[in-house]
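Please open the model in the viewer and set the display to a cartoon. The tour below proceeds selection by selection.

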Amino acid sequence: MTSHDTTAPPETDTAPATTGFADLGLSDAVLKAVRDVGYESPSAIQAATIPPLLAGRDVVGLAQTGTGKTAAFALPILSRLEVSQKKPQALVLSPTRELALQVCEAFEQYASHLKGVHVLPVYGGQAYGVQLSALRRGVHIVVGTPGRIMDHLAKGTLDLSELKYLVLDEADEMLKMGFAEDVETILADTPDDKQVALFSATMPAQIRRISKKYLKDAEEVTVENKTTTSANTTQRYLMVSYPQKVDALTRILEVENFEGMIVFVRTKNETETLAEKLRARGYSAAAISGDVAQAQ
Ligand code: AMP
């Protein structure tokens, strides 16, 4: 994902020109951090969700990545955080380790003027030691994948008894990855009076049901994502039958000038198969998938 260096809000329908960050009710420290990162005006999802979240309402946000949804939940949480309270006050559930780490980084950026706020990523595949010692020292915000969060809850190493904010980020992705049961268990086993924000790019029946069951009188916000591609990217496609794909790709590689190339395929297996076939044709190609160890 690209980060926006410019001050323009992400590519969505922009909020009415009259709404500035200063009008939303965020704390001074958070506003200062927002100015530091260079955001000029709130994106549509931010303008629509920050006020109800600050008012304590549950929120369902239909928004894709790139709309500014991370700040939409992070800014109100940080504005209302009690820094002296060291048991986790906010839990963000993310479908993947990568997203969890990105969300943590965003929180840390937005918390740059709040002294002593601890944000901890908690995901599978990382040794428990680091997570356990951080949890023992005390953290305010936990951002984690549902499986590992469940493990900590089962072991009694994550105390969510003081939880005030629960965010389900990319809820549809979490369900696709098979986390539905874990997400529901976490929703059910955390304090009743917590505030819940659910963000999802799509609203399948299962998410609709979860939000009906676990969210109270939620404010629903939908933002249209204008799907844009950067102006210097040309898109073309070829319809090729499966057995001819590698030959077609090889022809393209022969005629195109390139230094490096990323080829996306549908399955982990296919990454291996295609890399192998490209190597056999003299290209230096490597497969990357979730099966490759992080260190590698
Ligand atoms: P997200 O949808 O949360 O992944 O955010 C997409 C990108 O938009 C991130 O790189 C953010 O830093 C950036 N961003 C979020 N809110 C704003 C804003 N109000 N103005 C400019 N950029 C923003």
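Throughout this tour, two residues are said to be in contact when heavy atoms lie within 4.5 Å. The model is a predicted one.

**Domains**

Begin with the whole chain and colour residues 11–222 as domain 1 and residues 236–296 as domain 2, following the domain assignment of the protein. The centres of domain 1 and domain 2, taken over C-alpha atoms, are 36 Å apart.

**The sheet**

Next, select the strands of the open sheet. Seen in order, they run E3-E4-E2-E5-E6-E1-E7, 7 strands with parallel pairing. At the edges are strand E3 (119–122) and strand E7 (219–222), each of which pairs on one side only. On average, and with direction ignored, neighbouring strands of this sheet are turned by 15 degrees against each other.

Zoom in on strand E2 (residues 90–93) and strand E4 (residues 141–144), a parallel pair held over 4 bridges. To locate one of these bridges, select Leu93 and its partner in E4, Gly144.

**Helices on the sheet**

Now add helix H2 (residues 44–54), which packs on the sheet and touches strand E1 (59–62), strand E6 (195–200) and E7. The direction of H2 makes about 165 degrees with that of E6. Then show H4, which also packs on the sheet, where it touches E2, E3 and E4. The direction of H4 makes about 180 degrees with that of E3.

**H2 against H3**

Keep H2 visible and add H3. The axes of these two helices come within 9 Å and cross at roughly 25 degrees. Angles under 35 degrees count as roughly parallel, and H2 and H3 are therefore roughly parallel to each other. Their crossing is right-handed.

Which residues of H2 and H3 meet? Display side chains for Ile45, Gln46, Thr49, Ile50, Leu53 and Leu54 in H2, and for Lys69, Ala71, Ala72, Phe73, Leu75, Pro76 and Ser79 in H3. Sorted by class, this contact of H2 with H3 comprises 9 nonpolar, 3 polar and 1 charged residues.

**H3 against H4**

Finally, hide H2 and select helix H3 (residues 69–79) together with helix H4 (residues 97–110). These helices pack at an angle of about 45 degrees, and their axes are 10 Å apart. H3 and H4 are therefore oblique to each other. H3 passes H4 in a right-handed crossing.

To view the contact, show Thr70, Ala71, Phe73, Ala74, Leu75, Ile77 and Leu78 of H3 with Val103, Ala106, Phe107 and Tyr110 of H4. By class, the contact of H3 with H4 contains 10 nonpolar residues, 1 polar residue and no charged residues. Ala71, Phe73 and Leu75 are among the H3 residues in contact with H4, and they are also among those that meet H2.

Notes: Residues numbered from 1 in each chain as written. Predicted model: local features only at pLDDT ≥ 70, side-chain atom pairs only at ≥ 80, totals over all residues. Heavy atoms only, no water. Axes fitted to C-alpha atoms, helices over the stretch in contact; angles between N-to-C directions. Parallel < 35°, antiparallel > 145°, perpendicular 65-115°, else oblique. Left-handed = near helix turned anticlockwise from the far one by under 90°. Nonpolar A, V, L, I, M, F, W, Y, C, P; charged D, E, K, R; others polar. Domains from an automatic or database assignment. Pairing = 2+ DSSP bridges.
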